[in-house]
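Please open the structure in your viewer and keep the sequence panel beside it, so that each stop can be selected in turn.

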Amino acid sequence: MRAGKKTPTRRGYTFLGWSETKMSPFTSQSGYEANKGRITNSVSMNTRGKTVYAVWGKNPTMTFLDRGSTVSSAQVSFGGTTSGPQAPTRTGYDFTGWSPAIPGKVYSDWSTTAQWSPRTYTLTYVKNSPD
């Protein structure tokens, strides 16, 4: 395939660009950040026989848990974002968010757990008989 003619696709991965050096797919932000200077979006093919390699990021799986059960699980693009699933419900509790908080960008498999706050009720007792 010639670089620049068509963006390559690979199931479960995000195309990040081209490199003159063969690289394993990235699975973390730190690995990507350390090498992103060697990745380009365009390649000049002025040199005959020049070889370039597609660079990939492995799409991470985001898992949302509630009391030991999976609420939602989905793959997102490497370095992608998500808002998360619809808030779960639980009788007698208010959903207060996810912990750890949903990150701005996701580079590796990640999971978070629903957090709950018990509802508080005020009871007023009225004596129903005379003293």
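The tour below begins with the whole chain and then moves from one residue to the next.

This is a predicted model, in which local features need pLDDT of at least 70 and side-chain atom pairs count only at pLDDT 80 or more, while totals for chains, interfaces and linings use all residues. Residues are numbered from 1 along each chain as its sequence is written, and side-chain values use heavy atoms, with hydrogens and water left out.

**The whole chain**

Begin with the entire protein chain in a cartoon view, where you will find one helix and six strands; helices (H or I, at least four residues) and strands (E, at least two) are DSSP runs, numbered from the N terminus. Following the sequence, these elements come in the pattern β-α-β-β-β-β-β. The radius of gyration, which is taken over C-alpha atoms, is 25 Å for the protein chain, well over the 14 Å that the globule rule gives for 131 residues, so the chain is more spread out than a compact globule. That rule is 2.2 Å times the number of residues to the power 0.38. If you turn the C-alpha trace along its principal axes, it spans about 105 × 25 × 20 Å.

Now colour the residues by accessibility: buried ones (under 20% relative accessible area, against over 50% for exposed and in between for partly exposed, with a 1.4 Å probe and protein chains only) make up 27% of the 131 residues. The protein chain exposes about 9300 Å², of which carbon and sulfur atoms supply 45%, the areas coming from the Shrake-Rupley method with a 1.4 Å probe. Among contacts (heavy atoms within 4.5 Å) with a separation of 6 or more, 53% are between residues 24 or more positions apart.

**First selection: Asp 66**

Select Asp 66, which is placed in strand E3 (residues 61-66). Is Asp 66 buried or exposed? With a relative accessible area of 9%, Asp 66 is buried. Show its side chain together with that of Trp 116, since the two side chains make a polar contact at 2.9 Å; such a contact is a pair of N or O atoms within 3.5 Å, where, within protein, one must be able to donate a hydrogen and the other to accept it, and residues adjacent in sequence count only if both atoms are side-chain atoms. Leaving aside neighbours within four places in sequence, Asp 66 is in contact with Val 71, Pro 88, Ala 114 and Trp 116.

**Next along the chain: Arg 67**

Move on to Arg 67, which is in the loop between E3 and strand E4 (69-75). Arg 67 counts as exposed, at 53% relative accessibility, and its phi is near 50°, a positive value in a residue other than glycine. As background, most residues other than glycine have a negative phi, and most peptide bonds are trans.

**A cis peptide bond**

Which peptide bond should you look at for a cis geometry, with omega near 0°? Select Ser 99 and Pro 100, because the bond from the former to the latter is cis, with omega near 0°. Pro 100 itself lies in the loop between strand E5 (93-99) and strand E6 (110-118).

**Two loop residues in contact: Asn 59 and Ser 77**

Select Asn 59 in the loop between strand E2 (53-58) and E3, where, at 10% relative accessibility, Asn 59 counts as buried. Beyond its neighbours within four places in sequence, Asn 59 is in contact with Gly 12, Tyr 13, Thr 14, Gln 75, Val 76, Ser 77 and Phe 78.

From there go to Ser 77, in the loop between E4 and E5, which is partly exposed with a relative accessible area of 41%. Neighbours within four places aside, Ser 77 is in contact with Thr 14, Asn 59, Pro 60 and Val 106. Draw a distance line from Ser 77 to Thr 124, and you will see that these residues, 47 apart in sequence, are 53 Å apart in space, C-alpha to C-alpha.

**Last stops: Thr 21 and Arg 38**

Finally, select Thr 21, in the loop between strand E1 (13-19) and helix H1 (29-35); Thr 21 is partly exposed, with a relative accessible area of 36%. Leaving aside its neighbours within four places in sequence, Thr 21 is in contact with Arg 38 and Tyr 53.

Arg 38, in turn, lies in the loop between H1 and E2 and is partly exposed, with a relative accessible area of 43%. Sequence neighbours within four places again left aside, Arg 38 is in contact with Trp 18, Ser 19, Thr 21 and Met 23.
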